[in-house]
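Colleague: I'd like to go through this model with you and ask how you back up the labels you put on it. Can you show me the structure?

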Amino acid sequence: MKVRRILATDAERVRALRLEALDDPAAGLAFHETRQIAEARPMPFWTDRAVTGSLGDDSGQFIAEDGPRWVGTATVLAARPGRRALLVGVFVSADHRGAGVLDALVDAAGEWARVRGADELGLEVHVDNHRAQAAYRRLGFTPTGVTVTGPNGQELAMARPLVG
């Protein structure tokens, strides 16, 4: 398995992986859109997302590849130096869960954010998504004590320090 930042030319694959993620039973808790909404987005939306996720300093999208197949993704939104970067859009294909894919994606996203000056990597996970909470705790994320109301209900804010 290999983890890398997406390329500006990966728009079609970015779209396909997002649609796969939205088919997951927990997608209703984890993502802020439905498959129908994602499918209806025009290709320029996905092209822009690929360009931004591959080249920009405000966000970076990482994918895990198992041979030619993409099996996971995570996006990190940069923070001002000394602040918390935000991990979003995390997904690992069901047949690759528990195989270190999440660990590698989070590490790559965290390193990208750390190099840009972030001192913490944060995320928000739905209070009813216990599987995801357990996975993030295993990776060193702890609750911050903050709960936010997102489009899908209450979400628990979690964070872990980024160290060089």
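Modeller: Here it is, and keep in mind that the model is predicted. One cut-off before we start: a residue is buried when its relative accessible area is under 20%, exposed when it is over 50%, and partly exposed in between.

Colleague: Then let's try it on A11. Why is A11 called buried?

Modeller: The relative accessible area of A11 is 7%, and the limit for buried is under 20%, so A11 is buried. A11 sits in helix α1. Setting aside residues up to four places away in sequence, A11 touches M43, W46, T47 and A50.

Colleague: Which other residues of α1 are buried?

Modeller: Along with A11, the buried ones in α1 are V14, L17, R18, L19, A21 and L22. Residues three or four places apart on an α-helix point the same way, because there are 3.6 residues a turn.

Colleague: How do you know that the length of α1 fits a helix?

Modeller: Helix α1 covers residues 11–22, which is 12 residues, and at 1.5 Å a residue the expected span is 16 Å. The end C-alpha atoms are 17 Å apart, so the two values agree.

Colleague: What makes R69 partly exposed?

Modeller: R69 has a relative accessible area of 33%. Partly exposed is what lies between the 20% and 50% limits, so R69 gets that label. R69 is in strand β3 and touches R13, E20, A64, S93, D95 and H96, not counting residues up to four places away in sequence. The C-alpha atoms of R69 and M1 are separated by 9.7 Å, with their positions 68 residues apart along the chain.

Colleague: Is R137 buried or partly exposed?

Modeller: Partly exposed: R137 comes out at 42% relative accessibility, which is again between the limits. R137 lies in helix α6 and touches P143, L156 and M158, leaving out residues up to four places away in sequence.

Colleague: And why does L123 count as buried?

Modeller: L123 has 3% relative accessibility, and buried means under 20%, so L123 counts as buried. L123 is in strand β5. Apart from neighbours within four places in sequence, L123 is in contact with L86, L87, Y136, F141, L156, A157 and M158. From L123 to R84, 39 residues apart along the chain, the C-alpha separation is 9.3 Å.

Colleague: On to the cores. Which residues touch the most other members of the largest nonpolar core?

Modeller: V76, L87, L121, Y136 and F141, out of 28 residues in that core. Elements that each supply at least two residues include β2 (59–66), β3 (69–77), β4 (84–92) and β5 (120–126). Helix α5 gives the most to this core, with seven residues. Apart from it lies another core, of 15 residues, with I6, V14, L17 and I63 among them. In soluble globular proteins, nonpolar side chains tend to be buried together.

Colleague: What does V76 touch?

Modeller: Not counting residues up to four places away in sequence, the contacts of V76 include F62, L86, L87, W112 and L121.

Colleague: What about the pocket: how many residues line the largest one, and which lie nearest its centre?

Modeller: The largest pocket is lined by 48 residues, and F31, V88, G89, V90 and F91 lie nearest its centre. Its volume is about 1100 Å³. Strand β4 provides the largest share of the lining, seven residues.

Colleague: How do the lining residues divide into nonpolar, polar and charged?

Modeller: The lining of the largest pocket has 23 nonpolar, 13 polar and 12 charged residues. G89 is one of the residues nearest the centre, and Gly counts as polar here.

Notes: Residues numbered from 1 in each chain as written. Predicted model: local features only at pLDDT ≥ 70, side-chain atom pairs only at ≥ 80, totals over all residues. Heavy atoms only, no water. Core = buried A, V, L, I, M, F, W, Y, C linked by side-chain atoms within 4.5 Å. Buried < 20%, exposed > 50% of the residue type's maximum accessible area, 1.4 Å probe, protein only. Helix = DSSP H or I, 4+ residues; strand = E, 2+ residues; numbered from the N terminus. Contact = heavy atoms within 4.5 Å. Expected span 1.5 Å × (residues − 1). 1 Å grid on protein atoms, 1.4 Å probe; cavity = no way out; pocket = protein on both sides within 12 Å on 5 of 7 lines; lining within 4 Å. Points joined across faces, edges and corners; volume = space filled by probe spheres on them.
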